[in-house]
Amino acid sequence: MSSSAVESFNNWILKAQKMPVFYLVDELCRKIMKQMAARRVKSMKWNSVICPKMDTKLARFIDRGRLWRIIMSKGGLYEVRCHPPKVVSIEERTCSCGYWQSTGFMCGHAATVIIKACGEEGNLVDHIDPLYLVDAYRRAYEEPIYPVVECDIPDFTKEGDRVIKPPRNKRPAGRPKVKRIRSRGEESYTKPNKCGRCHKASKHNRRTCKEPSDI
């Protein structure tokens with residue numbers, strides 16, 4: 001119910017929004033090509049197994065759970081004595097907090113159980129989804145986007161069948177809308193109306209107010 005991703009993308013291509021269609025696509029291709037190349041070069045400098053951002057988060061989870069105690073219920077099922085207590089299943093890769101099964105990345109409760117009960121601090125990677133590994137990140141950006149040379153670009157300035165003409169649409173009457181159409185269920189941030197008679201925030205006014213008078 002949110003358009004934050006669209007608004008972020010529009011802000012990313014702010015200078016290219018008013019370009020013609022052909023130049024807009026060409027500019028988008030260049031921006032994505034530069035972004036993928038920069039991330040490819042950046043990932044080659046990483047020495048960790050997990051991506052640095054998630055590796056830092058895992059270290060923070062481990063440090064947070066150093067004072068927690070664990071109690072084994074059966075093989076692979078543990079209770080973590082924190083506030084509030086949590087139940088961790090190593091075999092099913094689940095935690096009662098819901099973070100592990102929803103993201104594929106272990107939470108602090110699961111990391112605490114694996115370290116204290118199993119003594120596998122060096123094997124925490126085996127319990128993390130492979131998508132968070134550096135190898136998966138590098139594979140995502142290993143295929144380059146090849147630039148288009150000018151000799152392969154058709155000349156759209158010459159008269160002929162390739163001339164792109166504007167559509168034959170008439171401008172609609174009235175002032176064009178500038179406000180974004182909100183999705184169903186999206187909260188409105190408009191200031192609520194205040195009645196001048198009952199002084200309550202509501203949708204009515206002094207003339208249509210039906211609240212009982214204090215006088």
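Strands S3 and S4 run antiparallel and are joined by two bridges, and in this predicted model they belong to an open sheet of four strands, which follow the order S1-S2-S3-S4 with antiparallel pairing. Beside the sheet, this briefing looks at helix H2, which spans residues 21-43, at the largest nonpolar core, which has 23 residues, and at the salt bridges, of which the structure holds four.

**The sheet, strand by strand**

- In the pairing of S3 with S4, Ser-89 stands opposite Thr-94 in S4, and the hairpin that these two strands make has four residues between the strands, with Arg-93 taking a positive phi near 55°.
- Strand S3, made of residues 86-89, is also joined to S2 by four bridges, and these two strands run antiparallel; here Tyr-78 has Val-88 in S3 as its bridge partner.
- S2 and S3 likewise form a hairpin, with four residues between them.
- Five bridges join S1 to S2, again in an antiparallel arrangement, and within this pair Ile-70 stands opposite Val-80 in S2.
- The edges of the sheet are strand S1 (69-74) and strand S4 (94-95), each of which pairs on one side only.
- As general background, the strands of a sheet pair through backbone hydrogen bonds, and they may do so in a parallel or an antiparallel way.

**The nonpolar core**

- Within the largest nonpolar core, the residues with the most contacts are Ile-50, Leu-58, Val-88, Ile-90, Trp-100, Phe-105 and Met-106.
- The elements that give two or more residues to this core are helix H3 (52-64), strand S2 (77-81) and helix H5 (108-118).
- Phe-105, when its neighbours within four places in sequence are left aside, is in contact with Ile-50, Met-54, Leu-58, Phe-61, Tyr-99, Trp-100, Ile-128 and Tyr-132.
- In soluble globular proteins, nonpolar side chains tend to be buried together.

**A buried histidine**

- His-109 has its place in helix H5, and it counts as buried because its relative accessible area is 12%, while the limit for that label is under 20%.
- Not counting residues up to four places away in sequence, His-109 touches Trp-68, Val-80, Cys-82, Lys-86, Val-88, Cys-95 and Cys-97.

**Helix H2**

- Helix H2 has 23 residues and reaches 33 Å from its first C-alpha to its last, which is close to the 33 Å expected at 1.5 Å a residue.
- Asp-26, Leu-28, Met-36 and Ser-43 are buried in H2, and what covers the buried residues of this helix includes helix H1 (4-12) and helix H6 (134-140).

**Salt bridges**

- Side chains of opposite charge can pair when their charged atoms come close.
- One of the salt bridges is formed by the side chains of Asp-26 and Arg-30, at 3.2 Å from N to O; both residues lie in helix H2, four residues apart, which is about one turn of the helix.
- The two partners have different labels, because Asp-26 is buried with a relative accessible area of 18%, whereas Arg-30 is partly exposed with a relative accessible area of 45%.
- Another salt bridge brings together the side chains of Asp-63 and Arg-66, at 3.5 Å from N to O, and both Asp-63 and Arg-66 are exposed.
- The side chains of Glu-79 and Arg-81 also meet in a salt bridge, at 2.8 Å from N to O; Glu-79 is partly exposed, with a relative accessible area of 27%, and Arg-81 counts as partly exposed at 36% relative accessibility.

Technical notes. Residues are numbered from 1 along each chain as its sequence is written. This is a predicted model: local features need pLDDT of at least 70, side-chain atom pairs count only at pLDDT 80 or more; totals for chains, interfaces and linings use all residues. Side-chain values use heavy atoms; hydrogens and water are left out. The expected span of a helix is 1.5 Å times one less than its number of residues. Buried means under 20% relative accessible area, exposed over 50%, partly exposed in between (1.4 Å probe, protein chains only). Contact means heavy atoms within 4.5 Å. A nonpolar core is a set of buried Ala, Val, Leu, Ile, Met, Phe, Trp, Tyr and Cys residues joined through side-chain atoms within 4.5 Å. Two strands pair if DSSP finds at least two bridges between them.
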